[in-house]
Amino acid sequence: MHSSPPAQAPPVREPLHAPVAHVIRGAVIEGVHYGSVVVLGADGHVGLRLGDIEAAFFPRSALKPLQAVAMVRAGLPLDGGLLALAAASHSGEERHLAGTRRILELAGLTEDDLRNVPDLPYDPAVRDAWVREGRMPSRLAQNCSGKHAAMLRTCRLNGWSLEDYLDPAHPLQQVIAGTVEDLTGQRVAHVTVDGCGAPLFAVSLHGLARAAARLTTAAPGSPEARVAGAMREHAEMASGSGRDVAALMRAVPGLLAKDGFEGVQTAALPDGRAVAVKIADGANRARIPVAAAALARAGVDPALLAGFAGETLLGGGEPVGRVRPVRALAPAPLTARA
């Protein structure tokens with residue numbers, strides 16, 4: 001826990017984003033993705049900033065590891081794959097559905113107790129198979145169901161009401177808000193509702209990177225370390241087969257990474273080096289190459305990141321360009337390579 005109170009909430013303003021990636025076709029810049037990037041050194045200093053890293057924004061699902069830490073602090077006894085699932089934006093694979101059912105069973109509950117919105121599986125191939133089988137959207141298939149099941153079990157363990165667990169005034173959500181403020185080191189600037197129906201807290205990109213570093217540098221056995229370890233050891237449970245965020249954790253030893261809708265990505269190393277990315281237009285194609293470039297700036301060996309260089313653009317079925325991070329993100333490591 002922090003020894004001092006959280007700092008003032010970040011300002012709510014129009015973010016001053018900067019170019020972070022170019023869409024290059026035939027050696028000409030065809031498009032520009034704007035956004036913001038922060039790279040923290042192991043001592044927490046800002047080694048690189050692009051755009052606006054201090055404005056309030058919504059981390060979306062990149063906040064899930066912090067929500068999971070809050071639940072573990074409140075007594076959630078999950079470990080391993082089930083704890084990774086509690087912090088997951090899962091693909092809707094059978095293992096994710098089975099894991100969510102198991103968390104509910106441990107609480108003596110069923111899918112009917114979930115309050116997240118019904119949806120089809122997130123993974124396109126899984127979703128297509130789901131539709132071919134004539135299956136309808138369900139709360140279990142929605143990508144946040146593991147988190148919601150964990151929320152319900154946390155409530156059951158603490159004797160908190162179940163029907164209103166998504167109310168921002170509910171004891172669970174108050175614990176989560178306090179944990180978000182503790183780990184980011186700043187007050188929450190605004191509260192709204194995420195796509196799944198859970199409260200969503202606005203913090204700064206800088207604060208989000210600090211929180212990621214808090215998880216990876218935490219003492220063994222602490223709630224932060226337990227969540228980070230579960231996600232790293234069960235990367236596909238925290239995301240899904242073929243997901244880029246899982247591949248990134250597999251490629252870089254010790255890396256903790258979490259993505260979020262609208263172009264958000266965090267990643268942190270065991271020594272506290274961390275990066276956070278927000279793509280202004282929410283473009284998924286810019287998220288990973290920009291994050292990989294930021295990790296190279298943080299000192300990760302570029303050879304480990306070669307598979308995340310950016311989407312290839314085709315012309316007539318042949319490669320004619322790619323999405324490429326801007327030159328300001330070119331490697332100039334803060335520390336020795338990881």
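This is a working chat about a predicted protein model, its overall build and a few of its strands and residues.

Colleague: Before we start, what kind of model is this and how are residues numbered?

Modeller: It is a predicted model, in which local features need pLDDT of at least 70 and side-chain atom pairs count only at pLDDT 80 or more, while totals for chains, interfaces and linings use all residues. Residues are numbered from 1 along each chain as its sequence is written, and side-chain values use heavy atoms, with hydrogens and water left out.

Colleague: How many helices and strands are there?

Modeller: The protein has ten helices and eleven strands, where helices (H or I, at least four residues) and strands (E, at least two) are DSSP runs numbered from the N terminus. The protein is as compact as a globular protein of its length, because its radius of gyration is 19 Å, close to the 20 Å that the globule rule gives for 338 residues. That radius is taken over C-alpha atoms, and the rule is 2.2 Å times the number of residues to the power 0.38.

Colleague: And what share of the residues is buried?

Modeller: Buried residues make up 54% of the 338 residues, with buried meaning under 20% relative accessible area, exposed over 50%, and partly exposed in between (1.4 Å probe, protein chains only).

Colleague: What about contacts across the sequence?

Modeller: Of the contacts between residues at least 6 apart in sequence, 66% join residues at least 24 apart, a contact being heavy atoms within 4.5 Å.

Colleague: Switching to strands, which ones does S2 pair with?

Modeller: Strand S2 (residues 28-40) pairs in the antiparallel sense with strand S1 (residues 18-25) over seven bridges, and with strand S9 (residues 274-279), also antiparallel, over six bridges. Four bridges join S2 to strand S3 (residues 46-50), again in an antiparallel run; two strands pair if DSSP finds at least two bridges between them.

Colleague: Which residues face each other there?

Modeller: His22 stands opposite Val32 in S2, Gly35 has Ile279 in S9 as its bridge partner, and Val37 has Leu50 in S3.

Colleague: What do the hairpins look like, and which glycines sit in them?

Modeller: The hairpin of S1 and S2 has two residues between the strands, and Gly26 there takes a positive phi near 60 degrees. The hairpin of S2 and S3 has five residues between its strands, with Gly44 in the turn at a positive phi of about 90 degrees.

Colleague: In what order do S4, S5 and S6 lie in their sheet?

Modeller: They form an open, antiparallel sheet in the order S4-S6-S5, with strand S4 (56-57) and strand S5 (190-193) as the edge strands, each pairing on one side only. Two bridges join S4 to S6, and Phe57 stands opposite Val203 in S6.

Colleague: Where is Ser204, and is it buried or exposed?

Modeller: Ser204 lies in strand S6 (residues 199-204), and it is buried, with a relative accessible area of 0%. Leaving out residues up to four places away in sequence, Ser204 touches Pro10, Ile53, Glu54, Ala55, Phe57 and Gln186.

Colleague: And Leu205, where is that and what does it touch?

Modeller: Leu205 is found in helix H7 (residues 205-216) and counts as buried at 2% relative accessibility. Beyond residues up to four places away in sequence, the contacts of Leu205 include Ser36, Val37 and Val38, as well as Phe57 and Val277.
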